[in-house]
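Reader: Please take a close look at the backbone of this model. I would like to know which residues have unusual phi values, and where they sit. Then tie that to the packing.

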Amino acid sequence: MYAKRAQTILNLELAKRLNDYLEASTFIRSYAVTRPQKTETHIHQAAVQQHFKAKFYCTAPGVDTNTFERVCEETLSSLADYFEDLVASDATLEKGDVMYGVGVLTIDLGPLGTYVVNRQSPNKQIWLSSPTSGPKRFDYVAKEDCWVYRHDGQTLHGVLKTEFESMLGRKLSVSNCAHSSSIA
C-alpha cells in the first residue's frame with residue numbers, strides 16, 4: 001500500500017516537473033526571439049548569444065554531476081581569490097570583504113552593494129545576485145568552457161568584469177580565472 005502511494009506521488013511530481021519545464025522552455029524560446037538586441041554587446045557575447053539563443057539550457061546538457069561540481073568549485077574558488085586580491089589592492093574597495101565557503105561566494109563592497117555568487121547543484125547552475133544588474137542564472141557550456149546566461153548570452157566572468165570596471169573606472173582582466181571565456 002505504501003509503495004503504491006509513493007509511486008503515485010512520484011508520478012505526480014514528475015508530471016509537474018515536465019509541465020514546468022515545457023512552460024519555461026516555450027517562454028524562454030519566445031522571449032529570445034522577441035526581445036530587442038543590445039548594440040553595445042561585447043563581440044564575444046554576441047557570438048555566444050547567436051550560438052545559444054534558440055537553445056534552452058535547464059540542466060547543463062552533457063555535463064554530468066561530478067564534472068559540474070568540479071568545474072563549479074574551480075570557478076568559485078578562482079573568483080574568490082581574484083576578488084580577495086582586488087579588494088585588498090584597490091583603495092575604492094577598502095571597506096570591502098570577500099567570503100567563500102560551502103559553494104557561496106559573497107563579495108561585500110560596503111556602500112557599493114553586495115554580490116553573491118553561489119552554486120545551485122540541483123539545476124547545475126551558478127546564480128549571481130548583483131546590486132547592479134540583479135539576479136542571473138548561468139549554465140556551464142563545456143564546449144566554450146564558460147558559464148553563460150541563457151537569456152542574453154553574457155558570460156559570468158564578462159558580467160562581473162563589466163560591472164566592476166564600471167564601479168572602479170578602470171580596466172580589469174578575469175581571463176586568468178578558471179573557466180572564464182578567452183575574451184573576458
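Author: Start with the loop between β1 (97-101) and β2, where V102 lies. The model is predicted. In it, V102 has a positive phi of about 50°, although V102 is not a glycine. Most residues other than glycine have a negative phi. Is V102 buried or exposed? Its relative accessible area is 82%. The cut-off for exposed is over 50%, so V102 counts as exposed.

A second case is H179. This residue is found in the segment after α4. Its phi is near 60°, again positive in a residue other than glycine. The setting is buried: H179 has a relative accessible area of 12%. Buried means under 20%, so H179 qualifies.

Now the packing. The largest nonpolar core has 32 residues. F83, W147 and F164 have the most contacts inside this core. Several elements give two or more residues to the core. The helices are α3 (65-89) and α4 (156-168). The strands are β2 (104-108), β3 (114-120), β4 (125-130), β5 (134-141) and β6 (146-149). Of these, α3 gives the most, with ten residues.

Which residues does F164 touch, leaving aside its neighbours within four places in sequence? F164 is in contact with F83 and L86. F164 also contacts I107, L109 and Y115. L172 completes the list. One of these partners, F83, is itself among the residues with the most contacts inside the core.

Methods. Residues are numbered from 1 along each chain as its sequence is written. This is a predicted model: local features need pLDDT of at least 70, side-chain atom pairs count only at pLDDT 80 or more; totals for chains, interfaces and linings use all residues. Side-chain values use heavy atoms; hydrogens and water are left out. A nonpolar core is a set of buried Ala, Val, Leu, Ile, Met, Phe, Trp, Tyr and Cys residues joined through side-chain atoms within 4.5 Å. Buried means under 20% relative accessible area, exposed over 50%, partly exposed in between (1.4 Å probe, protein chains only). Helices (H or I, at least four residues) and strands (E, at least two) are DSSP runs, numbered from the N terminus. Contact means heavy atoms within 4.5 Å.
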